[in-house]
Structure formats: structure tokens, C-alpha cells
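Reader: I am in my first year of study and should like to request a close look at a single part of this protein. Would you kindly take me through a helix of your choice and the stretch that leads into it, and then set that part beside a few other places?

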Amino acid sequence: MKNILFRIVVLTILISSCNSTDQKKAGSKDAEIESRIDDLMAKMTLDEKIGQLNQYTSRWEMTGPAPENVDSMFIYNMIKEGKLGSMLNVTGAYATRNVQKWAIDSSRLGIPLLLAYDVIHGYRTMFPIPLAEAASWDPEVVKLSARVAAIESAASGLHWTFAPMVDIARDARWGRVMEGSGEDPYLGAKMAYARVKGFQGDDLAADNTIAACAKHFAAYGFAEAGRDYNTVDLGERTLQNIVFPPFKACVDAGVATFMNAFNVVDGIPATANAYLQRDILKGDWEFEGFVVSDWNSVGEIITHGTAANKKEAAKLAIKAGSDMDMEGNVYIDALKELVEEGTVEESLIDDAVRRILRVKFQLGLFDDPYKYCNAEREKELILSKEHLDAAREVAKKSIVLLKNESGLLPLAKNNTKIAVIGELAESKDVPLGSWRAQAITNSGVSLLEGIQNAVGSSQVLFEKGPDYTVGERGFAIPVYINNTDLSGLNEAKRAARKSDVVVLALGEDCFQTGEGRSQTDISLKGLQQRLLEEIYSINKNVVVVLMNGRPLEINWMAEHIPSVLETWHLGSEAGNAIADVLFGVYNPSGKLPVSFPRSVGQQPLYYNHLSTGRPFGDPNGAVFWSHYTDESNAPLYPFGYGLSYTTFEYSDLKLSSNEMSESGNIKVAVSVKNTGKFAGEEVVQLYIRDLVGSISRPVKELKGFEKISLTPGESKEVNFTITTKELEFFGASNEWKAEPGEFKLWVGTNSAAGLEAGFVLK
Ligand code: NOJ
């Protein structure tokens, strides 16, 4: 019944994007639009063209280092002079209408502004952070979340989101792990595609769709030592095989824009990187949308030390294919002189302007620049019941059950005295996550509220325990952790003693993750470990509810605590969704999109690593093999891992053939049976290994997955088809192709388990 309701919600919201029969692919050319662009460009001066390449933040909201001595009058004048093509961080139907009016009424050509915002996992109705959504392994769920975010932001005047972030992240120290879909290019590509479709719908001109932006191109997630903005150094094959696939999926989905990255790649800043932007993106992939820089990343070419001044930075960036300068003031200050002296061809400027205007036309801004700013729609749609229901459904599906010994979960609703403990359990703010757009502070359903909503207040005892954070916290403020003040510990212990079961919320404040929030220590911070151990010494029936935006080091917990739920930062409806899982209204079905390490020293840790020349050894003696002497190589929880309240049995793995020709395929079938007592969903995962290649190939690679529902006792056959597409990679010949030879194949419940078979590509 619940699932049927969910499908109805999904359907209604998804269908609402198809209010036009026009199926034009965003970013691509259309004759009528191209001719309107020709007409407009013929009227534009060089200054006005360069103006289109310039983007400023509003002065009332900052998502980067604040600019100096600049006020709204300055912005107005720039718009009036035709020197600003786009703004970020202007939100709300009223404000967006006002700035748009400046552009339409006061500038010579009345070219509409493109208004952008970081709508990452919801606009005001918050959905789970993207990493959590990826744990659903359900592209429809992810698409739904992006769809609702688009409906709300479009109603409040926005045209463009800086999402999805599709950076592969293999290092849990990096704060932005929360913003992407984890460590795997295949899963990442599926999620990326779904998000773009969710934001953009079928028609960019509809008044409830917005342009998406694939970011950060490229390899931003490979920052050395997981430190944000740090150096990236990786080879072309890792770029092609691991980093690019989610970006390519965005292009295939018709993404309208790309954002480049702060980092260097092999010494060259991504923003000045012609290989990335001209050869790959606009060349090989024939991308016809535009590339925006990251916040002053054109200016940071100077700080990287590959340009001496603004002029050099502007020249490098525009030649490399960066079309729009976000908050850098570099293009507006330097491009004109570069063109006039002949260092930069005007055709490069024209190409960038054309790409930007194309997106403005596709959004329908030239036909009605105010169609997105609709105060009535804004009021009606934002935080609607339908959107909150969708947020709860997506949240439930994002939860991963890490451990459930002796079936402590699900909890009985009646006659159970429940101690709810922890600052995070009470928080109405942490669940909203980092990068929370226009979420209202403290507007989420806390875990405590969710449990009270489910069972009433009389059987719930809440104790906060020792404070977790100290003082003010926020997107642009560092989070301070309490390491010393034990007040509240005794009260928490007393509550644990008086209860049948303890639900203990632990993990991270949401602002410990996100941009600029890298960490060297990913274990439980502050007094949390002590709280956990002391509570457990009193009452063994502990359910830990983890709230975090990155994999954490939780060895002690994994060894001792009977039940652990990974709930990430789940958004507006977090508490209700967690309660649905705690009390068995929903049987958890999420799977980890990232490996959980045993130690931060294992970072970067990912399942699809290469073999190395010395992969084998005896942990109890041998020395000369690829290992740590003080820790296992294995993760604590592998990629793809997640339990259910029921159990599933895999059998009868069958291949239609053990040989495949280049143009042929192999059908893979497996039987999955629900052998437990609850109805449940399972993500059936297919992995392969190419045993010998022209380059060393990963020991396992995800190549297919399907989420199925089974009632107790029910079996289903799950089918996959393998073609050369699943087998190809960018090898020694510098091209994508499948290489003949032997392959292994596994189908199972996570990346470390599965039935095994093999085949040969002829
Ligand atoms: C910097 C971030 O890296 C990027 O992801 C974001 O879109 C911009 N700031 C704008 O806020």
C-alpha cells in the first residue's frame, strides 16, 4: 500500500514537468533559436558581449569569500550598462523579479539575466543530502528529489541550479563527499543522469524546470589527502575511466551547463584546461551548452601560479573554453583589451556568448523574462504537503541498515520504553544538511519528534547527554565541538537504565561536512564515543542512529552495538522517515555508495581498486605484499553493503553463454528469494572483472543493478544483459573499447559478496 502511494506521489510530481510536448534537448542547437541569437548578436557591442560572460553574487547571500566594497548600486549600474549576464544567490519571486526588471528596463538591449543558485538537495523542502540519495540505488527516487527542487526553485524565480555535483569521491576526509554520489562511476553516472532529468524535465522552457549544471569539471574529488581545493594529480586513464563517466552521463541527459573546478589537474588549473573543456567536453562529447567557472576560479589561475595577472588569466581561461566568469571580475576587466590588441580572437568571445544566450533562449527568458518569478506559485508550491510527502519517501529509501544483531529492530510500538539520547536526536537543524539552499533554520523533523509522532510521548524519555557542539554554527562558521563538559551524561545514563531500549543519535553536525570542511579525523568526535560506551555498559539494547555526511570510523560501535542505522542527513522529514524504519513501517533497503573504512589511514579507500603486483599475503607473517602492518586492507563495510529486516538468498546464476562476440551479448539470470519474515527490497548488483587488459583493470567493477521487492517466501529471477558497452574502457590505445579475453562476473548483495561465473570475449 505504502509503495503504491509512493508511486502515485512520484508519478504526479514527475508528470508535472511534462506540460509541454516539446522534447528539445537542453543545450543543443535549434534553428529558430540560432537565428534569434544571430540577430541579437549583430546588435551587441564588444562590451555587451563580454558582459554576458560576467556573473556576480548578490550582496545579501554569499556562498564563497565575500567581495569587497561592492553594493547593490554597483550591481544595478553593471546591469544597466549591459555588463552583467548572470547573477547567483538572488532568490524569491520578489527579488528575482526586481533584478530582472533592472536588466529588461534599464539595459540597452534588455537581455534577461540568468539567475542561479546552489539548489543541491532541495530548495526549501529539504531532501536527503545527495550521498544519502545515492544510497537508495534508485534513480527514480533521485529524479523525484531533483524534480521537486526544480519546481520550488523555478516558482521562486530561479533559472539555473549549480547541481548535480558528480565528482567521484574516494576519500572520506574530503568534506564534499556529502554532495556527490560516492565512489563508483557506474552508480554515479546513473544518479547524475537522473538528477539532470529531474531538474530539467523534458522541456527547459516549462515554468517548472530549471537548467542543471554538471560540476566540478574535473577531478575535484581527487584532492590530495582529502583537503579541499588541494592539488589533483592523476593520469588520463583514471580521468577517463573513473572521473568522466558521470559527467558524460550528464551530457547524454542533455545538461545545459557545466562548472569547472578550483583544482589543478596534472599542474594545469581546470579553469585553464583546454584538454578538459575544449578537447573532451566541447570536442569529443560535442557539448553545446556553456561552462561557468567556479567562484573566482578564473582569478585563482593567478594564485595557482600559472598566470601573472588578470590579463593572462583571462586569456588562458577563455582559450581553454571557460565561458562565464563567476565572481572573478577577470573577464570584465581584461577581455576587451585582449581582443582589441589581437591576443584573443573575438570569435572565442562570440562562441561563449552564443552558448550563454542559447540557454537563455531555451529557458524561454526572451519570451517572458518574468515567467519564473511567480509569487502565487511560490506560495502554493513551496513546502507543499505533496513535496514533504515526497521528501519523507526519498528519506526512507536513503537509510542503510548497517547492523541488526538478534533482530532488535524493528522496535515494537507498544509497551516499549524508549530512551532517546543525544544532541543530534533533538536537532531540527542538523538533518537539513549542508548546502541547504532556502531551508528554514530548525525546520526539520527531529529524530525525537519522529519517534514521538510514531508512538506518542508517554513512552519516550529524552536526554540530550553532553553537548556535542559549542556556540553558533552555520554554513560559513566553523563548528566547535565540546570535548570537556560532561554535563548531561548522568541524566542520559539514568534514562538508559529506566528504558527497554536506547535510541542513541551520533555522528556529525551537518556543517562538519560540505565545502571547506575536510577533516583528518573521521571517528566520532567530542564526547560521543564515551557517551556510547557508558550507555552500552548500562543497557545493551542500543540502536545507534548515525547522522553524518561522510563515511565514519566506527569500529567499536560495529563490534559491540546490536543495531546501527546509517541515516546521513535526511532533510525536512528526517525524523519521520527514521521512525518509519525504526518501527518497521518501512523495511530499510539502502546500500552504501561509499566504502566505510576501519581507519582513516586507509584513505583513499574504494572497492574498484587495481590489483597491484603484490595483492596476496599472509596477514600473520608475510611482509612483502601490499598491506598495512597494523590494519586489514578490507573496509569495515564494503561498497554496496546494506541489510534488511528480512534475508535474501541468491541462487541459480546462469549465463546464456560462456562466450561472447564483439557484437553479441550475454544474458545473466539469477534467482533471488526472500527467506525471512518481512516483505523487503533488495538491490541486486552485478560486478565484473577483466582479468587481463592493456592496462591494469579494477578487481571489481559495478556494471548493473536492479532494485526488486519480494514478499516473504517469494522468489524472482533478475536479468542483466552484458554487451561490449559494459566491458569497454579507455586502455593503452587511448580509445574506449572492449578488449578480448577472460572476464569474471559476480551477482550479489554487495561488492564483497556474490555468486561467481566467468565468460570470454572473443
Ligand atoms: C563554490 C562551490 O565550489 C560551487 O560548487 C558552488 O556552486 C559555487 N561556490 C557557488 O556557490
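Author: Helices, which have at least four residues, and strands, which have at least two, are DSSP runs numbered from the N terminus. With these labels a place in the chain can be stated; Pro 635, for instance, belongs to the loop between helix H22 (574–582) and strand E19 (648–655). Please bear in mind that the model is predicted.

The part I have chosen is helix H9, which covers residues 236–252, together with the loop between strand E5 (213–217) and H9. It is convenient to follow the chain in order.

At the beginning of this loop, the peptide bond that joins Phe 217 and Ala 218 is cis, with omega at about 5°. Ala 218 itself is located in the loop between E5 and H9. Ala 219 also has its place in that loop, and its phi is positive, near 70°, although the residue is not glycine. Further along the loop between E5 and H9 comes Tyr 229, another residue other than glycine with a positive phi, again near 70°. These details deserve attention because most residues other than glycine have a negative phi and most peptide bonds are trans.

How do Ala 219 and Tyr 229 stand with respect to burial? The limit for a buried residue is a relative accessible area under 20%. Ala 219 has 2% relative accessibility and therefore counts as buried. Tyr 229, at 38%, counts as partly exposed.

The chain then enters H9. This helix has a kink of about 60° at Phe 244, shortly before the proline Pro 245. H9 is mostly covered, as 12 of its 17 residues are buried. Both Phe 244 and Pro 245 are among the buried residues, and so is Pro 246. Before the kink, the buried residues include Leu 239, Gln 240, Asn 241, Ile 242 and Val 243; after it, they include Phe 247, Ala 249, Cys 250 and Val 251. After H9 comes Gly 254, which has a positive phi near 85°.

Some other places may now be set beside this part. A further cis peptide bond runs from Ala 163 to Pro 164, with omega near 10°. Pro 164 is situated in the loop between strand E4 (160–161) and helix H8 (185–200).

For two helices considered together, one may turn to H10 (residues 274–284) and H12 (residues 310–320), which pack at an angle of about 20° with their axes 8 Å apart. H10 and H12 are therefore roughly parallel to each other. On the side of H10 the contact is made by Ala 274, Gln 277 and Arg 278, and on the side of H12 by Ile 318, Lys 319 and Ala 320. Sorted by class, this contact has three nonpolar, one polar and two charged residues.

Finally, let us return to Pro 635. With a relative accessible area of 22%, Pro 635 is partly exposed. Apart from neighbours within four places in sequence, Pro 635 is in contact with Ser 595, Phe 596, Arg 598 and Leu 605. Pro 635 and Met 165 are 470 residues apart in sequence, and their C-alpha atoms are 25 Å apart in space.

Notes: Residues numbered from 1 in each chain as written. Predicted model: local features only at pLDDT ≥ 70, side-chain atom pairs only at ≥ 80, totals over all residues. Heavy atoms only, no water. Bend = angle between axes of the 7 residues up to and from the residue. Buried < 20%, exposed > 50% of the residue type's maximum accessible area, 1.4 Å probe, protein only. Axes fitted to C-alpha atoms, helices over the stretch in contact; angles between N-to-C directions. Parallel < 35°, antiparallel > 145°, perpendicular 65-115°, else oblique. Contact = heavy atoms within 4.5 Å. Nonpolar A, V, L, I, M, F, W, Y, C, P; charged D, E, K, R; others polar.
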